[in-house]
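Okay, thanks for making time, everyone. Let me put the model up and walk you through it.

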Amino acid sequence: MTTRQPATPAAFDHRMAVFDSDDAFVAAALPFLGEGLAAPGEPPPVAIADPRNLDLLRDALGSDAKDVVHVPHTDWYTGSAANAVARAAAYLTGNAGPAGRIHLLMEPVWSGRAGRSARETTEWIRYESLANLLFAPMATIALCAYDTRTAGPAVVAAARRAHPDTDVYEDPVRLAAELDAVPLPLPPAGAQPLAGPHAAAVQSWAEARGLAAADAELFATAVAEAAAALAPLDGTALLWGEAPGCVCELRSARPVGDPLAGFVPPQSSGQEPGPGLWYARQVCAYVDIRDDAEGSTVRLQYA
């Protein structure tokens with residue numbers, strides 16, 4: 001599989017604002033939204049932020065508040081980083097102007113899922129970085145708002161490397177490779193081998209581990225889709241964990257080799273390699289991919 005390279009020139013304008021007070025938030029957000037309001041023929045700008053910050057913006061915008069779309073960030077960021085990619089793509093398709101032209105103020109929920117663990121934080125930094133490739137063809141202008149009172153200095157420092165308007169910006173392919181250089185923990189000794197990752201067998205196992213039937217079916221389908229995308233598989237699948245954290249590890253005989261694998265929706269032509277990984281990323285909380293000289297290890301965790 002060929003590694004994607006950044007599109008040049010990239011139309012996507014991906015900015016970052018760091019603030020440590022209410023006044024600093026308004027000072028960063030207000031000119032950005034004003035820029036969107038003044039853009040000829042552009043749809044209304046969107047503010048996706050903490051509800052409290054949305055109230056600050058409404059007060060500061062005055063009569064212009066009615067011309068800005070306000071979305072509580074807990075309504076937008078409701079799942080994994082891959083879910084956020086899908087949500088943004090869907091919104092741009094349905095609401096943006098030509099070539100995706102729109103202003104988006106976006107504040108992740110760092111006091112919630114995005115910041116609940118080092119692993120989750122890594123996924124969101126990956127999302128921020130890969131957005132530079134995923135949305136490169138779009139004329140979208142995004143301002144990512146980082147509140148140091150909730151995000152913390154380590155998160156902000158990492159996020160700077162994912163935004164082109166900083167002096168420490170890192171190429172997304174290189175940054176993704178760095179994140180993936182951290183080895184996965186070894187499977188537990190009691191992991192159950194499975195000769196073939198057939199959906200029925202995975203679902204039966206997941207239900208026995210406490211997943212509700214509907215969740216077990218989703219997890220089993222995600223495993224089967226990922227297995228089809230990764231074929232040919234090398235060796236047996238491994239299953240372990242208890243609900244909701246059921247895990248399946250697959251071993252592919254070939255490297256995935258694409259940092260965007262599973263973040264790009266399946267193409268109607270059927271030519272997009274690995275469309276099953278898109279489904280897996282939408283369903284599972286984590287899909288970890290590690291390439292090596294002999295192939296790839298892909299680990300799916302439901303929640």
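**A buried serine, two cores and some cysteines**

So, let's start with Ser296, which sits in strand S10, residues 295–301 (strands are DSSP E runs of at least two residues, helices H or I runs of at least four, numbered from the N terminus). Before I go on: this is a predicted model, where local features need pLDDT of at least 70, side-chain atom pairs count only at pLDDT 80 or more, and totals for chains, interfaces and linings use all residues. Numbering runs from 1 along each chain as its sequence is written, and side-chain values use heavy atoms, with hydrogens and water left out.

Back to Ser296: its relative accessibility is 0%, so it counts as buried (that's under 20% relative accessible area, with exposed over 50% and partly exposed in between, using a 1.4 Å probe and protein chains only). Its side chain reaches the backbone oxygen of Arg254 at 3.2 Å. Beyond four places in sequence, Ser296 also has contacts, meaning heavy atoms within 4.5 Å, with residues including Leu230, Leu250 and Asp291.

Now the cores, meaning buried Ala, Val, Leu, Ile, Met, Phe, Trp, Tyr and Cys residues joined through side-chain atoms within 4.5 Å. The largest has 42 residues, with Trp76, Met106 and Phe135 among those making the most contacts inside it. A second, separate core has 30 residues, including Cys246 and Cys284.

How many disulfides turn up in the whole structure? Zero, taking a disulfide as two cysteine sulfur atoms within 2.5 Å. For Cys246, the nearest cysteine sulfur is that of Cys284, 10 Å away. Cys246 is buried, at 0% relative accessible area, and Cys284 is buried too, at 2%.

Notes. A polar contact is a pair of N or O atoms within 3.5 Å; within protein, one must be able to donate a hydrogen and the other to accept it, and residues adjacent in sequence count only if both atoms are side-chain atoms.
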